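Got your viewer open? Here's a short walk through some helix packing and then the nonpolar interior.

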Amino acid sequence: MNDNSLTEESPGAGPTAMRRILPADMVERGRCPFDPPPGLRARRGQGTVQPLPLLNGAQAWLVTGFEEARTVLSDARFSADKVRHRDATSLQPYEVTEMAATTPEPDTTLAGREDGFFVFMDPPEHTRIRRLLTGQFTVRRMRALESRVTEIAIEHVEAMKAAGTEADLVPAFALPLPSLVICELLGVDYADRAEFQERTAVGLNANATDEERAVAGAELYAFMQRLVADKRANPADDLLSGLVHDADPPLTDAQLVDVALVLLGAGHETTANMLGLSTFALLEHPDQLAAMRDDPTRIDNAVEELLRYLTIIQLGVSRVTTEPVTLGGADIPAGATVVIATPEVNRDPRHWPNPDRLDVHRPRTPHLAFGHGVHQCLGQQLARVEMQIGLRELITRLPNLRLAVPAEQVPLRDEMLIFGVHSLPVTWA
């Protein structure tokens with residue numbers, strides 16, 4: 001989604017990732033679960049680029065303005081390469097202390113990156129992998145996936161109805177839909193899809209321990225290794241087979257596994273959370289839900305508004321300056337970490353009137369839920385299709401859909417880089 005959507009900006013993260021570096025009021029949601037955290041909202045009016053003290057002792061810079069965020073995401077002076085540049089959000093306190101005694105310098109000893117984590121690369125290394133992937137997102141493949149999205153959505157809604165009058169929408173619908181679409185995209189065999197879904201579901205399980213996540217992550221990596229080996233030996237008409245056999249010069253198996261994992265994290269977790277959170281938001285805004293149900297042609301526009309209004313990538317997009325930069329009236333030194341507060345950026349009052357209001361009638365305008373610049377969402381059209389079709393089938397096939405518990409009892413994923421709901425009990429009786 002990712003932000004999530006198939007976006008390069010939204011790799012998955014463990015449950016303590018945000019709490020390690022940010023005060024609680026910058027992470028935990030307030031009275032309205034759809035608004036940015038209170039500590040973030042309190043910074044409104046204090047400048048579009050502000051100093052951001054981190055709990056590890058480092059100082060970063062927080063960007064809350066729409067135009068300033070677009071600059072960070074498109075200007076080559078802001079690097080995404082977390083191997084050559086030290087990102088303050090990932091440092092331990094002792095590393096911050098050590099860096100304070102020296103002048104941060106990029107690692108220039110690397111002749112070339114040998115991994116496939118293109119989300120953390122700059123051109124030209126990023127350009128090569130990005131170009132290969134773009135070549136695989138063909139119009140024909142996307143249209144074929146669109147028909148499968150419809151089939152998957154209908155199948156899961158009807159399965160919910162057949163099982164009774166209540167369900168947890170996350171495991172019953174929001175999680176399996178993008179998971180099965182990614183299976184189609186990567187070419188996972190039907191016989192292996194249950195294993196694939198089981199491994200990927202752990203990251204969305206509120207009760208999973210760090211150890212369980214680590215085990216599932218290792219098992220998923222091994223799964224991807226086997227998948228790459230199978231595509232090398234038995235190519236088919238899928239994206240991963242295309243990357244294995246069409247790249248010139250070829251990608252290594254390790255790079256292919258990395259790329260597949262990035263696509264999984266970006267295209268699965270973000271979309272699953274957007275489907276769950278969007279449904280929650282619409283159920284809490286019945287006038288907006290009614291407008292979509294009364295006129296299904298509004299659904300496409302509503303999806304854009306939900307992407308803007310909810311913006312599930314919290315503070316997970318960061319860059320490191322390669323030279324001194326003046327941005328939004330702030331003088332940022334070289335080697336500084338710049339963090340984009342995407343939920344605030346997508347509510348910039350200079351760009352949208354009444355930005356804190358969910359309005360499915362709002363005219364469509366550019367937002368940054370899919371990023372911007374060379375790292376902009378690679379599969380944003382597929383992500384839109386999943387949301388459009390998923391929400392359409394939900395609200396038309398379940399006309400009495402509503403929460404089965406009070407809204408305040410819905411457990412939020414506010415401890416993670418990708419916001420959403422851990423579960424969403426609903427009923428349609």
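Quick vocabulary before we start: helix-helix angles under 35 degrees count as roughly parallel, over 145 as roughly antiparallel, 65 to 115 as roughly perpendicular, and the rest as oblique. This is a predicted model, where local features need pLDDT of at least 70 and side-chain atom pairs count only at pLDDT 80 or more, while totals for chains, interfaces and linings use all residues. Residues are numbered from 1 along each chain as its sequence is written, and side-chain values use heavy atoms, leaving out hydrogens and water.

Start by selecting 176-186 (helix α8) and 193-201 (helix α9): the two pack at about 125 degrees, axes 10 Å apart. That angle is taken between N-to-C directions on a 0 to 180 degrees scale, with axes fitted to C-alpha atoms over the stretch in contact. So α8 and α9 are oblique to each other.

Now show side chains. Among the residues in contact (heavy atoms within 4.5 Å) are Leu 180 and Ile 182 of α8, and Phe 196 and Thr 200 of α9.

Keep α9 and add 210-233, helix α10: their axes come within 9 Å and cross at roughly 145 degrees. On the α9 side, Glu 195, Phe 196, Arg 199 and Thr 200 do the meeting, with partners in α10 including Phe 223 and Met 224.

Next, pick Phe 118, Leu 133, Met 224 and Leu 424, which touch the most other members of the 110-residue largest nonpolar core. Such a core is a set of buried (under 20% relative accessible area, 1.4 Å probe, protein chains only) Ala, Val, Leu, Ile, Met, Phe, Trp, Tyr and Cys residues joined through side-chain atoms within 4.5 Å. Helix α12 (253-283) gives the most to this core, 15 residues.

Last stop: Ala 88, Val 96, Leu 315 and Val 339, included in a second, separate core of 17 residues.

Notes. Helix = DSSP H or I, 4+ residues; strand = E, 2+ residues; numbered from the N terminus. Buried < 20%, exposed > 50% of the residue type's maximum accessible area, 1.4 Å probe, protein only.
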